[in-house]
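Colleague: I am new to this structure and would like to learn how to read it step by step. Could you take me through it, beginning with a single residue and its surroundings?

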Amino acid sequence: MTANIVHWADGAEFAGTSELWAEVTNPATGKVSGRVALAGERDAQYVIGSAVKAQEAWADTSLARRTQVLFAFRELLNARRAELAAIITAEHGKVLSDATGEIARGLEVVEFACGISHLLKGGHTEGASTGVDVHSKRVPLGVVGIISPFNFPAMVPMWFFPIAIAAGNAVVVKPSEKDPSAAVWLAALWKEAGLPDGVFNVLQGDKVAVDALLTSPDVAAISFVGSTPIAEYVYETASRHGKRVQALGGAKNHMVVLPDADLDLAADAAVSAGYGSAGERCMAISVLVAVDSIADDLVARVAERTRTLLTGDGGAGATADHDREADMGPVVTRAHRDRIASLIGSGEQAGAKLVIDGRDVQARGGSDGFWVGPTLFDNVTPDMEIYREEIFGPVLSVVRVPSYDEAVKLINDNAYGNGTAVFTNDGGAARRFEKDVQVGMIGINVPVPVPVAYYSFGGWKRSLFGDTHAHGTEGVHFFTRGKVVTSRWIDPANRPAGGLDLGFP
Ligand code: NAD
């Protein structure tokens, strides 16, 4: 039995009229678990229309009522997070504890958005001129599109929709066709929380669905997260159609280990950040930059830890034979597994030292699962394909550098600028690093420096197109636009003289 995964509009599932479907697989078994509707143009217009119909009334709903719905959504999601985690693991493959962690980070944004009344407060100036007052306010944009990648089917949409909805917009979420069920589950949860029908919608599909959002005159803004080429395309296309756009792209995150660092803690961090979620995180560490004097020692410690990792079915949990959950699951599709395997081959051919080869992993899971075990390369150089490409798999590349300056140059010469980290016990070096690197999110002895929800998430260079980062106050700004009102109320006791004056006021 496979499930049909369809759109959500007007507060209910909507099958659409397109006859096109894509298979959804469980990456741990390689078996097809469902099929997802791929919207045609008419389906897209129907779902966008559902948002258009609902938006004005939602924007006119009092802040008190909107906030109540957000709190109810927060409570429901908190109570039922295990259900959602199981859905994520079954379609994405990440282990259950990781799926639960993704939901927790999404919940943070919901909690931030519960404070929308404070965040939308405007300014007021009495007596800017004689008898003249000025006030400012932030108003919703209308209908906004959220296009998300496969690697965080719940958290990434939650970077955006809680704030967009709290601010009075209606949203259309276009999930990845690889793991489309989480969005529909969230839609049903919103309904249960009391959100009026049509404020939260899901449009399933591929490029056709994305293009419909990018070009629709009814969509005011686009929040996109995915690979860099698509982010660039989305930014250019949606901007050309007059929309506000934030398009977050790919990454190649470097973690620098300086000679004075605690090497055990640095090795723990590199392994956790390199292989967590099978490396399918935009904030994963994919390049470990070791200063020569400690490189041998660090690589040995990283290799020792990497060999202890258990790759397996993320949904299996502990069993009689295995007393613990797998550390990492499969990668998302067979094609992705094959691409990663081919990149490992390319690294070997280019002369990098393959310390641990994940292609022959003995995974705890189905023989048809999409397995790649943790892979460790040493002596990687910037000209190699495995350095230049975003592999987006469990492959950690060690690049050796002679000095701090070379480490920073490596980072700044890289096309991406999403996240980076430095491991050191030298406060001065850390402070200098923070200033020197051209990267949006920086960790100091923190390998995955994802900002908390009340700060904003976003990279630099080819990791972000547009100028606004996700969530935090930048998120509130993105989903609202400003109005400034200058007013003069006539006081009969102090009536202005009047008369014509054509000068600039
Ligand atoms: P992707 O670019 O293939 O897909 C992202 C979305 O775009 C999906 O909804 C997909 O259906 C759609 N899409 C794909 N091809 C398209 C096309 N030709 N035209 C229009 N739309 C298209 O990305 P993915 O493989 O799902 O996700 C992994 C990528 O996302 C990695 O590069 C990762 O670094 C990036 N990512 C970045 C961040 C960040 O915050 N910067 C966060 C998570 C993921």
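Modeller: Please keep in mind that this is a predicted model. Leaving aside neighbours within four places in sequence, the residues in contact with Gly-373 are Thr-311, Gly-358, Val-361, Ala-363 and Pro-394.

Colleague: Where in the chain does Gly-373 have its place?

Modeller: Gly-373 lies in the loop between strand E15, residues 353-356, and strand E16, residues 375-378. A separation in sequence can also be set beside a distance in space: Gly-373 and Met-328 are 45 residues apart along the chain, while their C-alpha atoms are 8.5 Å apart.

Colleague: Does Gly-373 count as buried or exposed, and why?

Modeller: The reasoning rests on a count of neighbours, since a residue is called buried if 20 or more other C-beta atoms lie within 10 Å of its own. Gly-373 has 21 C-beta neighbours inside 10 Å, and therefore it counts as buried.

Colleague: Which way do the residues of E16 point?

Modeller: In E16, Thr-375 and Phe-377 point one way, whereas Leu-376 and Asp-378 point the other way, and all of them are buried.

Colleague: How does E16 pair with E15 and with strand E17, and over how many bridges?

Modeller: E15 and E16 run antiparallel and are joined by three bridges, with Lys-353 standing opposite Asp-378 of E16. With strand E17, residues 395-401, E16 pairs in the parallel sense, again over three bridges, and here Thr-375 stands opposite Val-395 of E17.

Colleague: How should I read a sheet as a whole, for instance the one that holds E1, E5 and E4?

Modeller: One can take the strand order, then the edges, then the twist. The order in this open sheet of three strands is E1-E5-E4, and the pairing is mixed. Strand E1 (3-5) and strand E4 (21-26) are at the edges with a single partner strand each, so one side of each has no neighbour in the sheet. From one strand to the next the twist averages 35 degrees. Looking at one pair within the sheet, E1 and strand E5, residues 31-37, are parallel and share three bridges, and the bridge partner of Ile-5 in E5 is Val-36.

Colleague: What is the order of the sheet that contains E6, E7 and E23, and in which sense do its strands pair?

Modeller: That open sheet has three strands in the order E6-E7-E23, with antiparallel pairing. Its edge strands are E6 (124-129) and E23 (480-488), each of which pairs on one side only. Neighbouring strands are turned by 30 degrees against each other on average, direction ignored. E6 pairs with strand E7, residues 132-140, in the antiparallel sense over three bridges, and Ser-129 has Val-132 as its bridge partner in E7.

Colleague: How many residues surround the ligand, and which are the closest?

Modeller: The ligand is surrounded by 27 residues, of which the closest are Pro-149, Gly-226, Ser-227, Gly-250 and Cys-282. By class, the shell around the ligand divides into 12 nonpolar, 10 polar and five charged residues.

Colleague: How many helices and strands does the protein have, and why is it as compact as a globular protein of its length?

Modeller: The protein has 16 helices and 23 strands. Its radius of gyration is 25 Å, close to the 23 Å that the globule rule gives for 505 residues, so the protein is as compact as a globular protein of that length. Along the principal axes, its C-alpha atoms fill a box of roughly 85 × 60 × 40 Å, and buried residues make up 51% of the 505 residues.

Definitions and conventions:
Residues are numbered from 1 along each chain as its sequence is written. This is a predicted model: local features need pLDDT of at least 70, side-chain atom pairs count only at pLDDT 80 or more; totals for chains, interfaces and linings use all residues. Two strands pair if DSSP finds at least two bridges between them. Helices (H or I, at least four residues) and strands (E, at least two) are DSSP runs, numbered from the N terminus. Axes are lines fitted to C-alpha atoms, for helices over the stretch in contact, and angles run from 0 to 180 degrees between N-to-C directions. A residue is near a molecule or strand if its C-beta atom, placed from the backbone, lies within 6 Å of it. Ala, Val, Leu, Ile, Met, Phe, Trp, Tyr, Cys and Pro count as nonpolar, Asp, Glu, Lys and Arg as charged, and the others, Gly among them, as polar. The radius of gyration is taken over C-alpha atoms; the globule rule is 2.2 Å times the number of residues to the power 0.38. A residue is buried if 20 or more other C-beta atoms lie within 10 Å of its own, exposed if 12 or fewer, and partly exposed in between; C-beta atoms are placed from the backbone. Two residues are in contact if their C-beta atoms, placed from the backbone, lie within 7 Å.
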